[in-house]
Amino acid sequence: MIMLEKRPQPSRGWTFATPVVAVVLTMFFGGLLFAALGQDPLVTIRTIFLDPLFSEFAWFYRPQLLIKGAPLVLIAIGLSFGFRAGIWNIGAEGQYIVGAICGAAVGLAFYPIESFVIFPLMIIAGAIGGLLWAMIPGILRVRFGTNEILVSLMLVYVAEQLLASMALGALRNPDGMGFPGSRNLSQYDSAANLEIIAGSGMHWGVLTAFLAVILAYVALSRHIFGFNVRLSGQSPRAARFAGVNPGMLILSCMGISGALAGLAGLFEVAGPAGQISIDFNVGYGFTAIIVAFLGRLHPVGILLAGGLMALTYIGGEIAQSNLGLPIAAIQILQGMLLFFLLAVDVLTNYRVIWGRQVA
Amino acid sequence: MDLSSINPVLLLASLMVAATPILLAAIGELVVERAGVLNLGVEGMMITGAVCGFVVAVGTNSPWLGFLGAAIGGALLSVIFGFLTQLLLSNQVATGLALTLFGLGLSALMGQGYIGIKAPEFPDWHIPLLGDIPVIGPIVFQHDPMVYVGLVIVAGVWAFLKYSRAGLILRAVGENHEAAHALGYHVVRVRMLAIMFGGACAGLGGAYLSLVRVPQWTEGMTAGAGWIALAIVVFASWRPGRLLLGAYLFGGVTVLQLNLQAAGAAIGVEYLSMAPYLATIAVLVIMRAGRAPGSLGQSFHASR
């Protein structure tokens, strides 16, 4: 008989070990999945997890790692505050879209003036756009007690429609001969999110992501705000006695995650994506949820998890073009990773006892 | 815009059809939540049901077998959720999200060869006598059988929760799992069964989209229907009667905005398409939810 006994405190060892175990399990069962799809499991796993880093074309893929990882890390850092405090903003995808729309709109409004203030203004607009979009579920939760999970998610679908409307209407390229999509911001020097070091993949969004990691680390471990966030998550009652205003906490957590998601959207639209188009968003907002959990809601963990998840995106693309692996298989792999993480996590909080049943 | 082109009888008739997938998914989730479990994976189970139903229906050329396959597919996926949350005591919110992400990927993979294929015909019933009543007949009694299956399930769940002993146990488990455990009920077993019922219903709802409503398979075709079903359960205060009202309200908004699109309203198509989601938010804000089941969302671990 296998029994579970609650640990007095979560095991520190397992806290660090579970993500690794989850990744190993995902590779194993992912291999089975690839075998079922008629692929060689070992070759596929090597293609996904190693080729982007070590193959002869790795010089091309390594910058991609930063480009794909940056939005994931930025969004996940924001989400981690709320998730720690038990505030579930799962609409980051919508905040990402609205941030991109607002930032791009500011940039396009100045076209074709060249000035060094345009890009900073776009960054501010992107952050504010995401922040305001996240404030909707935040304020509704504080004022009316509405479930923030459902509202933030509904707003993703609203944002997608808004994106379509912008790509076809207000922000459409007037010189685009009627095709949907805005002007290409990456070809408009003052608004382009250029690489800081050419060819490295290191654009301003990557820099911001690294900054966010450092600031989040300081805030969570050295600042009273981080303490309040952690306290509210572990014991909401104790937090109230300690003088934490729950409404303010909800708004701050939603605001931080919204602003960072908006920033991620802005950096994407001004750089790698280049323009507002109907299929601009690719689900970073949802994948970032996996990144946040895989990183144990810890800034450094999130940085590593973001890198790993970016790896699966790039490796997935390589496997798709070289081996004909359907891209949906990568989506399953990412979902599996979260499943295994949650499953293995039982070992962090519970001790497994083998043996006779004690009456 | 030409409002006279909107036929009120057809509008009300299509309202029942539009509401059915949400109704099916929501009644399943209602049972799950009354047992004290919050499964946020409805969207994932729905889309998996949609693809399973479509694959089986095309393969066997029988929509009925398709719906059966969808129910089994949805229930199987929900077992993953049950295993993780009930036996490995994982966080229900996170696990539900994982289920949705996994289901979206799984369905995309399974449906690869089925894009652009038409589903086998699923004819409407014309109920004799009742269907011949003017106005009411076409609105209520001339639909495909699944519309009535949905209504029967809702009525069945209502009676089950209100009158049966098993329903009482399920409610006890949801209200206070410690007390139910002390009385000797198997909390985990009851919850597993509820979760599987929820998965089967979500699967049926998804298959209704791919086999009747659209009827085709496209990736991500549920487009948030599962999340709206979750919202309707809250709106209904966990009561089957109000669930019906919520689903029809939502169906009404959907059908109305589609009709306005067709009638050439002055508002952009994209803004009309937002209506169902905005209406759901508005309803969540205006309607104060009743009291949720006492143990909703909490893990149960029988400590010695």
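## Polar contacts across the A/B interface

Start where chain A meets chain B: in this predicted model, the interface has two residue pairs in polar contact, both at pLDDT 80 or more. Salt bridges don't add anything here, as the count between chain A and chain B is zero.

So what does the side of chain A that touches chain B look like by class? Here is the split: 37 nonpolar residues, five polar and two charged.

## How much surface gets buried

In terms of residues, 44 from chain A are in contact with 43 from chain B. Put together, the two chains bury about 3,800 Å² between them, and 81% of that sits on carbon and sulfur atoms. Which three residues supply more than any other three of the area that chain A buries against chain B? They are A:Leu150, A:Met154 and A:Phe339, with 18% of that area.

Several elements of chain A give two or more residues to the side touching chain B. On the strand side, these are S1 (2-6) and S4 (350-354). The helices are H6 (118-144), H7 (148-168), H12 (284-294) and H14. H7(A) brings the largest share, 14 residues.

## A salt bridge between strands

Over all chains, the structure holds five salt bridges. In one of them, the side chains of A:Arg351 and A:Glu5 meet at 3.7 Å, N to O. A:Arg351 lies in strand S4 of chain A and A:Glu5 in strand S1 of chain A, so this pair ties together parts that are 346 residues apart in sequence. Those two strands turned up earlier too, among the elements on the side of chain A that touches chain B.

## The largest cavity

Now for the empty space. How many cavities of 30 Å³ or more does the structure hold? There are two, and the largest contains about 60 Å³ of space.

Its lining is made of A:Val23, A:Thr26, A:Met27, A:Phe49, A:Leu308, A:Thr312, A:Leu333, A:Gln334 and A:Leu337. Helices H1 (12-36), H13 (299-323) and H14 (327-344) of chain A each give two or more residues to that lining. H14 is also listed among the contributors to the side of chain A that touches chain B. By class, the lining of the largest cavity divides into six nonpolar residues and three polar ones, with no charged residue.

## The second largest cavity

The second largest cavity has about 40 Å³ of space. Around this cavity you'll find A:Ala70, A:Pro71, A:Leu74, A:His203, A:Gly205, A:Ala264, A:Phe267 and A:Glu268. Two helices of chain A, H4 (58-85) and H11 (246-270), each supply at least two residues of the lining.

What is the class make-up of this second lining? It has five nonpolar residues, two polar and one charged.

Notes: Residues numbered from 1 in each chain as written. Chains lettered and ligands numbered in written order. Predicted model: local features only at pLDDT ≥ 70, side-chain atom pairs only at ≥ 80, totals over all residues. Heavy atoms only, no water. 1 Å grid on protein atoms, 1.4 Å probe; cavity = no way out; pocket = protein on both sides within 12 Å on 5 of 7 lines; lining within 4 Å. Points joined across faces, edges and corners; volume = space filled by probe spheres on them. Helix = DSSP H or I, 4+ residues; strand = E, 2+ residues; numbered from the N terminus. Nonpolar A, V, L, I, M, F, W, Y, C, P; charged D, E, K, R; others polar. Contact = heavy atoms within 4.5 Å. Buried area = accessible area lost by both parts, 1.4 Å probe. Salt bridge = Lys/Arg side-chain N within 4 Å of Asp/Glu carboxyl O. Polar contact = N/O pair within 3.5 Å; in protein donor to acceptor, adjacent residues only side chain to side chain.
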